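Visitor: I am new to this structure and would like a close look at a single part. Could you walk me slowly around one pocket and what lies beside it?

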Amino acid sequence: MNILYATSEAVPLVKTGGLADVSGALPPALREIGLDCRLLMPGYPAVLQKMGTAVVVARFSGLPDAMEARLLLSTLPGSDTPLYVLDAPLAFTRQGGPYQDAAGQDYMDNAQRFAVLSQVAARLASPDSPLEWRPDLLHCNDWQTGLAPAYLNFLGRPVPSVITVHNLAYQGIFPPSTVPRLGLPAESFSIQGVEYYGNLSFLKAGLYYADRITTVSPTYAEEIQREPLGMGMQGLLATRKADMRGILNGIDTGDWNPSSDLHLPGAYSLRAPSGKKRCKQKLQEEMGLDQDADAPLFGLIARMTHQKGLDLVLAVAEGIIQRGGQLIMLGTGDKDLEQAVRDTVARHPGRAACFIGYDEGLSHRIEAGADCFLMPSRFEPCGLNQMYSLRYGTVPIVHATGGLKDTVEDGVTGFQFQEAAPHALWLAIERALSLYADKAAWKKMQLAGMSRDFSWEHSAKEYAAMYREMLDQRADGAP
Ligand code: ADP
Ligand code: GLC
C-alpha cells in the first residue's frame with residue numbers, strides 16, 4: 001500500500017507540538033510493517049536546512065494565489081522515509097514559526113499558504129500527478145491539510161482520504177472572500193461543503209470530504225461528538241460517527257528511553273532504576289532548587305495555553321510547597337500565563353523553578369528527574385508527555401479526559417481526577433503524596449508504568465488495517 005502522509009510539521013525538522021512527534025514517527029512505523037508511506041510537508045527554512053540531500057522531482061504552477069512551487073525529494077533525517085518537501089518560497093520562506101511570525105501573530109496569508117500544501121497533496125494523489133510514485137490513499141492531519149480532501153473531491157476522488165484530528169480547537173477559519181482565491185468552486189461554500197458558520201473552515205472541509213476521520217485516542221473520538229469538546233463540529237462529527245475512530249498515538253521509544261537518553265546525566269531502566277536518583281539531584285541543581293532527595297518533585301511541560309490547565313497548577317503550587325514538595329515548569333505560549341508562572345516561581349525560591357521557552361533537552365531531564373508529572377489539561381486529544389512520564393518512572397497525575405484517560409490507569413500507573421478544577425487536582429496530588437510516603441508502594445507504581453508498552457507498532461497496525469479496509473471497500477465499489 002502506498003500512503004501519502006501530508007503534514008505541516010514533523011520531527012526532527014520542525015515542531016510546535018505533538019503533531020510533529022506523530023508525523024515523524026508514524027510514517028517510519030508504517031514502513032516497518034511493509035507499507036510505502038511517504039511524507040509531504042512545507043519547505044520552511046528550517047526544513048530546507050536540515051533535510052540533507054534533495055533532488056527536484058516536480059514543478060507546480062497555477063496553485064492557489066497563482067503561486068509556483070518545486071517539489072523536492074529527500075528522506076526524513078534518521079530514517080529511510082521518503083520526504084517530499086514543497087518548496088514554495090512565497091508561502092514558506094518566513095522569519096518566524098510555521099504558522100506565526102516572531103511576535104506570535106498568525107501570518108495574514110495562512111489560508112493561501114496551507115491551501116497550496118493541501119492542493120499539492122491532492123494533485124499528487126490524482127492521475128495527473130507529475131510523479132511516477134502514486135499513493136493509494138491520502139492521509140491528512142489537522143486543519144493545515146484539511147482542504148486536501150476537498151480538492152481531491154473536485155478532482156473526482158481518485159483515491160480515498162483520511163483526516164486525523166489532533167486538536168479540534170484549531171479549525172483554520174477564514175473569511176468567505178478567501179474561497180475563490182483558493183481555487184475552490186463556488187458551490188463548495190455551503191453547509192454541504194467547506195462553509196462553517198458563515199466562514200470557510202479548513203478543518204470542517206476535511207471532516208466533511210474525507211472518507212474517514214480518525215482522532216488520536218478512543219475517548220477523544222467519543223468526546224468530540226458532543227458539547228463542549230465538539231467545539232462547534234459535534235453535529236457534523238455525530239453524523240460521521242460510522243466513519244470515525246480513535247487510534248491512540250504511540251511514542252518514539254528510541255528518543256524516549258531512559259537507558260540510552262543522551263540528554264540525561266544518568267541512565268536507568270526497569271531492571272536498574274537507581275540512576276533516576278541522580279537525574280533528580282542534577283535537575284534540582286540545574287534549576288536552582290534546594291538539593292533535597294526526599295522532596296516530592298512535580299514536573300510540568302506544556303504549551304502554555306488554556307487547554308493545558310496551567311492555571312490549575314498555579315492554584316495548587318502553594319499547597320505543594322507547603323507539603324514539602326518542589327515544582328518545575330517548562331513551556332512557552334500565552335504571555336499572561338508565562339507571567340503568572342514567573343510570578344509563582346519568584347514567590348518560592350529554592351522550591352519552584354521554571355524555564356519559559358522551548359528546550360528539548362530540559363524536557364527529557366524533567367521527565368527523568370521529576371517524581372510526578374502534572375497534566376491537568378482541560379481537554380487532551382492524546383497527549384504524549386504522560387506516556388513519556390510512564391516510561392521514565394515519573395508518576396502522572398492527569399485530568400480524566402481524552403488520551404489521558406486512555407493511557408493512565410488510576411491507582412495503578414498514576415492518578416486521574418474527574419473535574420478540571422483546583423480542588424480536584426489537589427485531591428489527586430494528596431493521593432500521590434500519601435503513596436510517595438510509602439516507598440515500596442511508590443516503587444510498585446513506578447515500575448507498573450515503566451512496564452507499559454506505548455511503542456508505535458501497535459497503532460501503526462491499526463492504521464494499516466483501516467487503510468486496507470478502505471481500499472477493499474473501494475474495490476468492492478462501495479463509496
Ligand atoms: P500538544 O501537541 O497539545 O502540545 P502533546 O503532549 O501531544 O501536546 O505534545 C507536546 C510535545 O511538545 C511533547 O513532545 C512535549 O514534550 C513537547 N513540548 C511542549 N512544550 C515544550 C517545551 N517548552 N520545551 C520542550 N518540549 C516541549
Ligand atoms: C495535539 C493534541 C495532543 C496530541 C497531539 C498529537 O496537539 O493537543 O493531545 O497528543 O496533537 O496527536
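How many nonpolar, polar and charged residues does the lining of the second largest pocket have?

Guide: Happy to help! The lining of that pocket has 13 nonpolar, 10 polar and 10 charged residues. Here Ala, Val, Leu, Ile, Met, Phe, Trp, Tyr, Cys and Pro count as nonpolar, Asp, Glu, Lys and Arg as charged, and the others, Gly among them, as polar.

What you see is a predicted model, where local features need pLDDT of at least 70 and side-chain atom pairs pLDDT 80 or more, while totals for chains, interfaces and linings use all residues. Residues are numbered from 1 along each chain as its sequence is written, chains are lettered from A and ligands numbered from 1 in the order written, and side-chain values use heavy atoms, with hydrogens and water left out.

The second largest pocket holds about 720 Å³ of space (the space filled by probe spheres set on grid points joined across faces, edges and corners). Its lining counts 33 residues, and Gly24, Ala25, Asp252, Gly254 and Asp255 are the closest to its centre. A pocket is an open set of points on a 1 Å grid over the protein atoms alone, with protein on both sides within 12 Å along at least five of seven lines; a cavity is a set where a 1.4 Å probe fits but cannot get out, and lining residues have an atom within 4 Å of a point.

Helix 1 gives this lining its largest share, seven residues. Helix 13 (360–369) and helix 18 (456–475) each supply at least two. Helices (H or I, at least four residues) and strands (E, at least two) are DSSP runs numbered from the N terminus. The pocket lies between domain 1 (2–250 + 457–475) and domain 2 (275–452), because both give residues to its lining; the domain bounds come from an automatic or database assignment.

Helix 1 also turns up elsewhere. The largest cavity has a volume of about 80 Å³. Among its 13 lining residues, Asp21, Val22, Ala25, Asp252 and Tyr388 are the closest to its centre. Helix 1 gives the most to that lining, four residues. Ala25 and Asp252 are thus named for the pocket and for this cavity.

Asp21 leads on to ligand 1: an N or O atom of its side chain is 3.5 Å from an oxygen atom of the ligand (a polar contact is a pair of N or O atoms within 3.5 Å). Lys308 has a side-chain N or O atom 2.8 Å from a ligand 1 oxygen, and for Arg303 the distance from a polar side-chain atom is 2.6 Å. Taken alone, ligand 1 exposes 560 Å², of which the protein buries 93% (Shrake-Rupley areas with a 1.4 Å probe).

Ligand 2 has 13 residues around it (those with a heavy atom within 4 Å). Helix 1 provides the largest share of them, three residues. A polar side-chain atom of His166 comes 2.6 Å from an oxygen atom of ligand 2. The protein covers 93% of the 310 Å² that ligand 2 has on its own. Like the pocket, ligand 2 lies between domain 1 and domain 2, since both give residues to its shell.

Terms used:
Polar contact = N/O pair within 3.5 Å; in protein donor to acceptor, adjacent residues only side chain to side chain.
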